[in-house]
Amino acid sequence: MFNDCQGIPYPTYAQGNVSECKKVVGAVPDGSVYLLKILTAQLPAAGQFFMLHPVRSNLFLSRPISVFHVENLGNGLNEVSFLILLKGEGTKELCSLRKDDAVKLLGPCGNKFAAPEKGKKVLIVGGGIGVAPVAGFAETLEEKSYDFYASFKSGSYGLEYLKADKLVITTDDGSVGVHGMLPVALTEQALADGNYSAVYACGPAPMLAYVKQIAEKAGIQCWLSMEARMACGVGVCLGCTIDTTEGKKRCCKDGPVFDSRILTLEKPADSVAGIKVQPRREPLAGEPDLSVDIAGVHFNNPVIGCSGTFGFGVEYNSVFDVNRLGGISSKGLTLEPRQGNNGIRVWEIPSGVMNSIGLNNPGISHFIEHELPEMMQFDAVAIANLSGSTMETYVEGAKLLDATNVPMIELNISCPNVKAGGAAWGMTCSAAEQVVAAVRAVTKKPLIVKLTPQSLELNKVALACIKAGADGISLCNSFQGIAIDIERGVPVFENLKAGVGGPAVRPIAVRLVYELVEAINTLPENERVPVMAIGGIATWSDAVEFIMAGASAVQVGSATFANPLAMVEIIDGLAAFMKRKGYKNLAEMRGIIQK
């Protein structure tokens with residue numbers, strides 16, 4: 001272990017093992033905070049943190065977690081304890097660890113709390129999970145040389161190692177200690193009467209702003225432990241900067257402990273990128289309305305099984321109740337039966353999958369006679385995905401489908417996995433407009449056009465499709481990529497390029513959907529059409545993102561391969577989110593980030 005000139009340990013990268021992981025007694029609600037203990041040779045100073053990453057993890061980045069307590073076990077081994085608030089996927093993984101599980105640790109990171117003057121009393125303040133680092137710091141001080149104020153919404157935890165002269169606990173609900181937030185107990189007068197030489201605090205931003213205000217007003221040195229989103233933990237990514245009077249400072253390297261006098265601690269902005277933060281709504285007493293009408297067709301909810309990933313619905317009916325879905329877009333259909341591509345067809349990639357199926361399907365006539373009747377038995381809206389190679393095959397296929405009872409046609413001019421036709425029709429305005437107009441002329445059914453993200457003039461292509469008669473746009477079909485078999489030195493796929501899907505493409509797809517909706521909104525209101533979003537949707541929060549970007553519905557594709565229950569979980573999660581946030585229907589949150 002090496003230290004810098006101030007005695008602060010330099011971070012190292014090592015593997016530790018979990019000695020214990022359990023729920024913290026006293027945290028409310030039960031199971032919201034966990035105590036994680038890891039055995040490691042690394043020895044942190046008070047105030048430092050580690051970047052933690054389970055060896056078995058589905059996440060890309062490590063999570064920064066402050067040190068709560070350290071036990072020296074001898075022989076160069078330490079048991080470092082962390083209090084973890086169960087909040088997102090990263091903390092969920094950490095809270096799910098078991099004894100002997102391996103964890104990668106980068107650390108200890110950051111600076112440490114400044115030592116107080118000898119013989120002088122100090123005040124320590126912790127709020128919520130922010131109790132952890134200041135409680136760890138308190139352990140390094142002499143018994144009764146400090147007072148400790150702990151503030152929680154409900155319950156209390158993390159105070160078992162304290163030897164404070166005075167311990168004051170406040171809770172918003174009055175469940176423990178003083179009823180109320182921190183200011184009901186820690187006032188300017190109480191701060192002055194304490195005759196403190198310094199104040200140390202960690203907690204939520206509003207609490208820190210209050211502590212900073214009263215400490216500086218009293219002329220008392222104040223140290224605040226801050227937090228920010230970070231990627232590296234050692235100061236190189238520059239992703240965790242916070243604003244100070246001395247310019248931007250790195251929370252991980254220049255902090256996390258800062259002199260309060262250089263911190264601005266401004267109130268959270270009421271807008272981001274010129275878009276206002278949504279006002280708080282009261283939670284719904286009843287259930288939200290998830291239904292949506294698209295081109296005159298009623299969907300019970302906006303979640304649709306994406307073409308090529310859900311077959312014709314019957315394949316998954318033994319796995320879950322397919323009637324719960326809003327809709328099902330069939331396998332891509334061509335006029336004639338197709339066997340699809342040769343060679344490898346599916347290839348796993350980090351956070352997604354590549355495919356080169358090649359429109360393997362039974363043909364439209366077979367679909368009409370066999371698969372369509374089965375699809376029509378579901379409550380979910382049946383959508384026939386029409387593909388082709390030539391104008392004639394598109395038109396003839398549309399004629400056949402028009403004579404059926406299928407409620408909607410999705411015109412696929414974007415398949416990335418066929419050598420002829422496919423995505424070529426969706427690459428230019430003229431080609432797209434031509435094929436859409438030709439199909440529109442032979443069918444009166446609602447027509448949704450599925451576009452490729454590969455077009456260099458995507459929004460213009462979409463507007464050309466709308467002009468030619470499209471009743472809606474689905475965006476976006478797979479991105480194109482190349483995979484290489486490095487052992488043999490050849491491409492994985494016989495067509496060289498293949499479609500890329502999965503969570504990795506979602507942020508790009510959200511941008512494309514946002515920009516398309518923005519373009520559509522420039523049209524007269526009576527000419528605007530809905531957008532079905534496609535691209536890496538795996539969870540209900542993914543669906544919310546697309547709807548807030550302006551989508552009317554979402555199609556879920558490769559996520560079903562990873563989790564066959566993904567779509568029903570999205571429906572349930574979407575309903576729970578809308579109820580919690582007070583959205584009565586989808587229209588109330590659709591397109592809220594559109595300027």
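This passage describes a four-stranded sheet, a buried serine and a pair of packed helices in a predicted model.

Residues are numbered from 1 along each chain as its sequence is written. Because the model is predicted, local features were considered at pLDDT of at least 70 and side-chain atom pairs only at pLDDT 80 or more, whereas totals for chains, interfaces and linings use all residues, and side-chain values use heavy atoms, with hydrogens and water left out.

An open sheet is formed by 4 strands in the order β23-β24-β32-β29, with antiparallel pairing, where strands are DSSP runs of E of at least two residues and helices are runs of H or I of at least four, both numbered from the N terminus, and where two strands pair if DSSP finds at least two bridges between them. Its edges are β23 (346-349) and β29 (479-482), each of which pairs on one side only, and the twist from one strand to the next averages 40°. Strand β23 pairs with β24 (residues 352-355) over 4 bridges, and valine 346 has asparagine 355 of β24 as its bridge partner. The hairpin of these two strands, β23 and β24, has 2 residues between the strands, and in it serine 351 adopts a positive phi near 60°. The pairing of β24 with β32 extends over 3 bridges, with methionine 354 opposite valine 500 in β32. Strand β32 (residues 497-501) is in turn paired with β29 over 4 bridges, and glycine 481 stands opposite alanine 498 in β32.

Serine 455 is located in the loop between β27 (447-450) and α8 (458-467). This residue, serine 455, is buried, with a relative accessible area of 7%, buried being defined as under 20%, exposed as over 50% and partly exposed as in between, with a 1.4 Å probe and protein chains only. A polar atom of the serine 455 side chain lies 3.0 Å from the backbone oxygen of methionine 427. Leaving aside residues up to four places away in sequence, serine 455 touches Gly426, Met427 and Val461, contact meaning heavy atoms within 4.5 Å.

Helix α8 packs against helix α9 (residues 506-520) at an angle of about 50°, with the axes 10 Å apart; axes are lines fitted to C-alpha atoms over the stretch in contact, and angles run from 0 to 180 degrees between N-to-C directions. The two helices, α8 and α9, are therefore oblique to each other, since angles under 35 degrees count as roughly parallel, over 145 as roughly antiparallel, 65 to 115 as roughly perpendicular and the rest as oblique. The contact involves Leu458, Asn459, Ala462, Leu463 and Ile466 of α8 together with Leu512, Glu515, Leu516, Ala519 and Ile520 of α9.

Definitions and conventions
A polar contact is a pair of N or O atoms within 3.5 Å; within protein, one must be able to donate a hydrogen and the other to accept it, and residues adjacent in sequence count only if both atoms are side-chain atoms.
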